[in-house]
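Reader: Could you walk me through how to interpret a structure like this, one feature after another? I would like the general idea each time, and then the case at hand.

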Amino acid sequence: MKKKTIIAALLAAVMSVSVVAGCSSGTQSAASVLDGQPAPMPANHNGRYTDLGPDGCYGCHGANEKANPQLVGAVIVPEDHYSRGMYATMKIDAGYNQCITCHPQG
Amino acid sequence: MEISRRAFVKTTAVALASAAAAGTMSALVGCSAPSGSGTGQTTVAGATRTVGVCRFCGCGCGVIVESKDGKIVAVTGDPDNQSNRGLNCVKGYYLASVLYGEDRLTEPLIRDDKSTKGTDGGLRKATWDEALELVSSKLKETWKKDKSRLAFWGSGQQPIVEGYCTAKFWKAGLLSNNIDPNARLCMASAVVGFMNIFQTDEPAGSYTDIDETDTFVTWGANMAEAHPMLYSRLTARKINGTGVKHYDLTTLKTRTSASADKVLMFKPGSDLAIANAIANYLVQNNLYDQAFVTDHLQFKQGTENIGNAFEDGYDASDVGKSVDAVQSISFEEYAARLAPYTLEYAEQISGVPAADIKELAEVFADKSRKVLSLWTMGVNQHNRGTWMNHCIYNIHLLTGRYAKPGDGAFSLTGQPTACGTAREVGTFSHRLPADLLVAQEPHRRYTEAIWNLPEGYLDAIQKPGMHTVKIFREMSKGNIDFLWTAHNNWAVSMPNLTRFLGRGDKKGINDTFIVVSEVYPTLSTQYADVVLPAAMWVEREGQFGNAERRTAVFEKAVDPPGNAKWDLWMLMEIAARTLDGEKIGSKGAFEALFGDWYDTETHDFKGDQREVSRNIWEEYRTFSNPDLNEKAALINKEAKLKMENKQLAPYDAYIDDHGLTWPVREVDGKWLATKWRFCDGKQEDGFDEIGIQQYGKQDLAGGVSFYKSGNARPSVVFRPYEPPAEMPSAEYPFVFCTGRLLEHWHTGSMSRRIAELDRALPEALLDMNPEDCAELGLKDGDMVRLSSRYGECEIKVSTAGRTSPPHGLVFAPFFAEEALINLVVQDVYCPLSKEPDYKKTCVAIEKL
C-alpha cells in the first residue's frame, strides 16, 4: 500500500505539470474551438473507431482496468463521460459509448 | 521499484482521482473540456445562460446556450431536457459556430434580371421596404388574378408560432391551401399512416421506451447517423440491459448495423413482404394477442395495384383518386389475405432467409420480451411508404405491442419540428391546426370559432391544395407565378432537380417570382427574385416539437447580424401589405387575423418576443383546450372531436420544464406531461390517465384505450407487396439510395460552414460494393457519372465502407451542392402520402 501511495503521489505530481499530447494535435486552433465542443479525431486515428469500436478509444483515453492514458500521453476522457460522472468508477457511462457520435474523424 | 502493469494501472486510477481532487485534472482533459455540461453551470465566466433546443434533427436535444458580448460562446447538452438528458452529438455541440459563417445574409437582395437565375450573381442589395413592397405586390397580384398560381413551401424547421401564423395567413388570409412543408418529403407517409390507423397523428410512446425495451427492431433506419443521440441511448440500453437484442432490417449495412445481433438485408421495396410474412406467421400459428385483437382492433383492406405517379396527371386519374379508399373486412378475411405471405415467399421476394424472418416473428410473439420498432426515411421515402407504415403497425397491433412502456412502434421524425410545426399547426395543403382537416366541415367550423372568423368562411378552402411535388411540377410547367420558401433549400433537396431547376425541357422556374427567406446563400437563393435575410436559431425566440411529442422553447440569446430579421416580422409585414384594404367580416383582414400581436403603424410587435410568442401560443393552444373558447367547446362536444387529445400547456411551462410531451394535463395546478398516450396509469408517472377518464375505457386488454380512433378501434389494414416504381434493368442496373450522414444536416447549408464538420466530411461520396467496382473497372476515388432516366450528376466513388451496400446498390448523402445527386433521383411518390421515394432510383454508373 505504501508503495502504491508513493507511486500515486509521483504520478499526480507529474500530471499536474505535464502537457497532454492530444491537445497539441494541431487539429483545432484555440480560435476555432469554443467551450464545450468535442475535438474531432486526428488524422492519425483514421479508421480506428470503425475497426475497433469504443474499446479502441478507451484503450488510450479511458481510465479503467485496461487503460492508462498517461502511458501514451493521450487526452483523458472528461469526467462527465464516466458512470455517475465520477472518474473513480473507472467505467465509461453507457450513454457515451458511441465516441464517434461527438468525435468524428477530423 | 518493481510494479506490475496491473498495479500501475490501478495506481494511475488512484492518482487520477487524487489529481481530480486537487484540481489538476482540467489540465489533462481534452481541449474542449465540457466541465459545465451535466452540471448546469456555465463553462464560460460571465456568460449568460439560456435554454435552447438543437437546430438540427428530430431528436430534439435540449441544449444550454451561453452567450457573452453579443456572441454565442458555448453550447452544451441540457441535462434537464428529458429528451436527451445532457447528451448531444457533434452537430449539436458545434451549434455555436453555425451562426458565424462569413457569408451570412444580412441585407435583403433583389434580382432585376431573370436571366441571371441559376448563377451566383445577379442579386443586388435593397432596403427592407423595397423588398417587402415588391414581394407583397407580386403576391397580391397573383392572389387577385388566380390564387391557384401561388404557393408557400415551408418546413419542418420553421418554429411553431411562425408556422402557425403562416398557416393562418395562407388559409384564412389568402384562402389558399397551396401551402406545404418540406416535411412532405420526410414524414408524410408516417402522418397518413397514423391518421388512417389511429385517426390521430404522432407516436403514442416516448424516448423512455428506448430505456425500457428488450428488443430493438430498426426498419430501414440508420439511427447512428440520422438520430445519433437516440442511437447512443439504444446502445446504452444494450450495454446496461440483460439480453437486449437489436435486429436491423436494412437494404445496406450502416453504422447502425454494428450494434445489431442480426442484420436482415433485404432487396429494396421488399420490406412489405417481410412485414406481411411476420404478421402471417403470427396469425397462422395463433401467436397474436387475441384479447387485444378482440378489444381494440378493426380490419380493413384498401385499393391495390395503384401503380406509380410517374405522370403529372396521376392524382386526378381514376386510380389516383381511389388510393385512399378502404373497406372493412373480418379478421378471417384479413388472415386469408395474409396467407400467401409464407416465410418462403418472403425470402424469395426479399432475399432474407426464411429462418431469419421466422426468428424475428418469434421475437414479436415472445411475451417475455418487449419490442420497440424504430423507423424513418427508409420506410417513409418509399413508393409504398404509407403501406409500409401500416404493415409495421399491423404487427405491433396484432401482438398488442403499442403505447406501452418499451413496447411500441416508434415512427421517428427527421426534422427538429416536423411534428411541432408542420404536423401540429397544419402547414400542409390538406390540414388545419391540431390534426384538423380542411375537408371536414366540423373541423372548419372549429377553426373558425378559434380564429374568430364568420361561420362558413373557411368553406372556400375545403378542397386540399397542391402537395410539394405537385407545386414543383406545376412550377416547372409555368403554372406557378409566385412561390415563397423558408427554412429549406429546395434547389438541393427536391428530387428530380433536372426538371425542377429547368435543366431539362421544362423551364417554368425562370418565370416564377420566387422569394427565399434564408440565412446563407444557397443554390435556392440563386433562383430567387427576392432574398429575405432571416434571423437564425437563437437570434430569435422559437419553439420546436420533436419526435417524442416534446414541445420545447429556445430562448433568444443574441441579436441577428446586420439587417437580418425575425421570420415572423417578415410574415407580418407581407401579410399587412397584401391584405391592405381587405376585409374579413366587418373587420380589416390583417387586423382580424394578427391585430392582437402586430401594429401596422409602428411596423412592430405589441410586446417583446417572449410576450408575442406567448400570446400567439395561447391562441394556438385553444385548439387543444376547447374550454378556453365557448364556441369551440360546443363544437368539440357536438362533433365529438376529442380535441383534448393533443392538449398543450401554457407557454411558460415549456420554458420552466425544459420541454413537455403532450398531451399535457393540469393536475392540482401543475402541468403534467404524458409519455404514453392511450395507456392507462397514473398521470404523474407519464400515463394517459386523464385522457382515458375523459374519453376512454378502462380494463381493456393491454391497459390501453384508443379513444381517438374511430369506434375506439385502430385499423389493421392489409397492404400487399407491390414492387418499387422501377426495377434495375440493363440500361440502369443499380439501385441508388440517398440519405444523411452524421456530420452534415440535410443540404449542408449550415453544417458545411462549420470548419470542423466540413473537415470531418468534406465531400459527398458514392458508396459502392467493392466487387461492383471491380466489375466496372472502378477504384476508390474515381469520378463517375451517375445517370438515371431523370438526369445525371458526377460524384466520387468510395469503397471505404461508411455504408456497405450489397451488389447492385449504391448510396450517397445529399449534403453536397457540387454533387447535386437529386438531379438523378426520381420524383415518383407514395400515392397516398405524396412523399417521394428517395431510396430506389435506378441508375447507371460510368467512369469519367
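Reader: How many helices and strands does chain A have?

Author: Happy to start there, with the reminder that this is a predicted model. Chain A contains five helices and zero strands. Its pattern along the sequence reads α-α-α-α-α.

Reader: And what share of the residues in chain A is buried?

Author: Of the 106 residues in chain A, 44% are buried. For burial, the cut-off is under 20% relative accessible area. Turning to the surface, chain A exposes about 5,300 Å², and carbon and sulfur atoms supply 61% of that area. You can also look at contacts: taking those in chain A between residues at least 6 apart in sequence, 43% join residues at least 24 apart.

Reader: Let's go on to charges. How many salt bridges does the structure hold?

Author: The general idea comes first: side chains of opposite charge can pair when their charged atoms come close. Here, the count over all chains is 60 salt bridges. One of them joins B:Glu582 to B:Lys144, with 2.9 Å between the closest N and O atoms. B:Glu582 sits in the loop between helix 23 (567-578) and strand 20 (583-584) of chain B, while B:Lys144 belongs to helix 4 (residues 128-145) of chain B, so this pair ties together parts that are 438 residues apart in sequence.

Reader: Are B:Arg184 and B:Asp180 buried or exposed?

Author: Both B:Arg184 and B:Asp180 are buried. Their side chains meet in a salt bridge, at 2.8 Å from N to O. You can set beside them the salt bridge of B:Glu792 and B:Arg785, at 3.4 Å from N to O. In that pair, B:Glu792 is partly exposed with a relative accessible area of 46%, and B:Arg785 is partly exposed as well, at 22% relative accessibility.

Reader: Which residues are linked in a network of salt bridges?

Author: The network takes in B:Asp312, B:Lys470, B:Arg473, B:Glu474, B:Lys477, B:Arg499 and B:Asp827.

Reader: Back to B:Glu792 for a moment. Which residues is B:Ser787 in contact with?

Author: B:Glu792 is on that list. Leaving aside neighbours within four places in sequence, B:Ser787 contacts B:Tyr732, B:Glu792, B:Val824, B:Cys842, B:Val843 and B:Ala844. B:Ser787 is part of strand 30 (residues 783-787) of chain B. It counts as buried because its relative accessible area is 15%, and the cut-off for burial is under 20%.

Reader: Which residues form a negative surface patch?

Author: B:Glu666, B:Asp668, B:Glu684 and B:Asp685 form the negative patch. Take B:Asp668 as the example: this residue lies in the loop between strand 25 (665-667) and strand 26 (670-672) of chain B. With a relative accessible area of 77%, B:Asp668 is exposed.

Reader: Now the backbone. Where is B:Pro663, and what is the peptide bond before it?

Author: B:Pro663 is found in the loop between strand 24 (660-661) and strand 25 of chain B. The peptide bond from B:Trp662 to B:Pro663 is cis, with omega near -5°.

Reader: What is phi of B:Asn305?

Author: Phi of B:Asn305 is near 55°, a positive value in a residue other than glycine. B:Asn305 lies in the loop between strand 11 (298-302) and helix 12 (318-322) of chain B, and is exposed, with a relative accessible area of 66%. B:Ala712 is another residue to look at, with phi near 60°, again positive and not in a glycine. You will find B:Ala712 in the loop between helix 28 (689-695) and strand 27 (715-718) of chain B. At 30% relative accessibility, B:Ala712 is partly exposed.

Reader: One last feature. Which residues does B:Lys565 touch?

Author: Not counting residues up to four places away in sequence, B:Lys565 touches B:Trp128, B:Pro533, B:Ala534, B:Ala535 and B:Met570. B:Lys565 is placed in the loop between strand 19 (550-554) and helix 23 of chain B, and is partly exposed at 27% relative accessibility. For a view along the chain, consider B:Lys565 and B:Thr106: they are 459 residues apart in sequence, and their C-alpha atoms are separated by 8.5 Å.

How values were computed. Residues numbered from 1 in each chain as written. Chains lettered and ligands numbered in written order. Predicted model: local features only at pLDDT ≥ 70, side-chain atom pairs only at ≥ 80, totals over all residues. Heavy atoms only, no water. Patch = residues over 30% accessible without salt bridge, like charges linked within 9 Å, V, L, I, M, F, W, Y side chains within 5 Å. Areas by Shrake-Rupley, 256 points an atom, 1.4 Å probe, with all protein chains shown as cover. Salt bridge = Lys/Arg side-chain N within 4 Å of Asp/Glu carboxyl O. Lys, Arg positive; Asp, Glu negative; His and termini not counted. Charge placed at Lys NZ, Arg CZ, Asp CG, Glu CD. Helix = DSSP H or I, 4+ residues; strand = E, 2+ residues; numbered from the N terminus. Buried < 20%, exposed > 50% of the residue type's maximum accessible area, 1.4 Å probe, protein only. Contact = heavy atoms within 4.5 Å.
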